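Hi,

Here is the structure I promised to pass on. Please open it first, then read my notes below.

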Amino acid sequence: CSVTSLKETLVTSRLVEIMPPLPEEKETLELYNHTGEEFIYILEGILTMNIDGITYQLYPGDSVHIPSCIPHNWSNKTNHITKILTVHSPNPLKKEG
């Protein structure tokens, strides 16, 4: 697992609103990994973050910075909207070519 310098690649940031699950939905959280690194900052609500099989509850003002090659994912297990700011390097939305 290696991390590329931010000077060498483009970075993307997004404001994400994670809706509460519907009452009849049973959420299955699948972990994934990819190249680069991620920074997540909790703006509002409670984010459930799973990093390499360990679950964390993150609250407004909390943040996490991880190499994206570590299996991870997040979810909203509350009945309120969760808002996060996420920054990825390299930009996962950039099309090559």
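What percentage of the 97 residues of the protein count as buried? The figure is 28%. Please keep in mind that this is a predicted model.

**Overall picture**

The protein has 0 helices and 7 strands. From the N terminus on, the order reads β-β-β-β-β-β-β. The accessible surface comes to about 6,400 Å². Carbon and sulfur atoms hold 54% of that surface. I also looked at contacts between residues at least 6 apart in sequence. Of these, 73% join residues at least 24 apart.

**Thr82**

Thr82 lies in strand β7, which covers residues 82-89. Is Thr82 buried or exposed? Thr82 counts as buried, because its relative accessibility is 0% and the cut-off for buried is under 20%. Its side chain reaches the backbone oxygen of Ile46 at 3.1 Å. Ile46 is also one of the residues that Thr82 touches, leaving aside those up to four places away in sequence. On that list, Glu44, Gly45 and Leu47 appear too. So do Val16, Glu17 and Ile18, along with Asn76.

**Ser68**

Ser68 is in a loop, between β5 (63-67) and β6 (72-75). Ser68 has a relative accessibility of 0%, so it counts as buried. Which residues does Ser68 touch, not counting those up to four places away in sequence? They are Asn33, His34, Thr35, Gly36, Glu37 and Glu38. Take His34: it sits 34 residues from Ser68 in sequence, yet the two C-alpha atoms are 5.4 Å apart in space. Glu37 brings in a polar atom pair. Its backbone nitrogen lies 3.3 Å from a polar atom of the Ser68 side chain.

**Tyr41 and the surface patch**

Now to the surface. Tyr41 belongs to strand β2, residues 37-44. Tyr41 has a relative accessible area of 31%. That value makes Tyr41 partly exposed, because it falls between the 20% limit for buried and the 50% limit for exposed. Which residues join Tyr41 in a nonpolar surface patch? Leu15, Leu43 and Leu85 do. The patch measures about 350 Å².

**To look at in the viewer**

- Thr82 side chain and the backbone oxygen of Ile46
- Ser68 side chain and the backbone nitrogen of Glu37
- The patch of Leu15, Tyr41, Leu43 and Leu85

Best wishes

Note on methods. Residues are numbered from 1 along each chain as its sequence is written. This is a predicted model: local features need pLDDT of at least 70, side-chain atom pairs count only at pLDDT 80 or more; totals for chains, interfaces and linings use all residues. Side-chain values use heavy atoms; hydrogens and water are left out. Patches are made of residues with over 30% relative accessible area and no salt bridge: like charges are joined within 9 Å, nonpolar side chains (Val, Leu, Ile, Met, Phe, Trp, Tyr) within 5 Å. Accessible areas come from the Shrake-Rupley method with a 1.4 Å probe; for residues, only the protein chains shown count as cover. A salt bridge is a side-chain nitrogen of Lys or Arg within 4 Å of a carboxyl oxygen of Asp or Glu. Helices (H or I, at least four residues) and strands (E, at least two) are DSSP runs, numbered from the N terminus. Buried means under 20% relative accessible area, exposed over 50%, partly exposed in between (1.4 Å probe, protein chains only). A polar contact is a pair of N or O atoms within 3.5 Å; within protein, one must be able to donate a hydrogen and the other to accept it, and residues adjacent in sequence count only if both atoms are side-chain atoms. Contact means heavy atoms within 4.5 Å.
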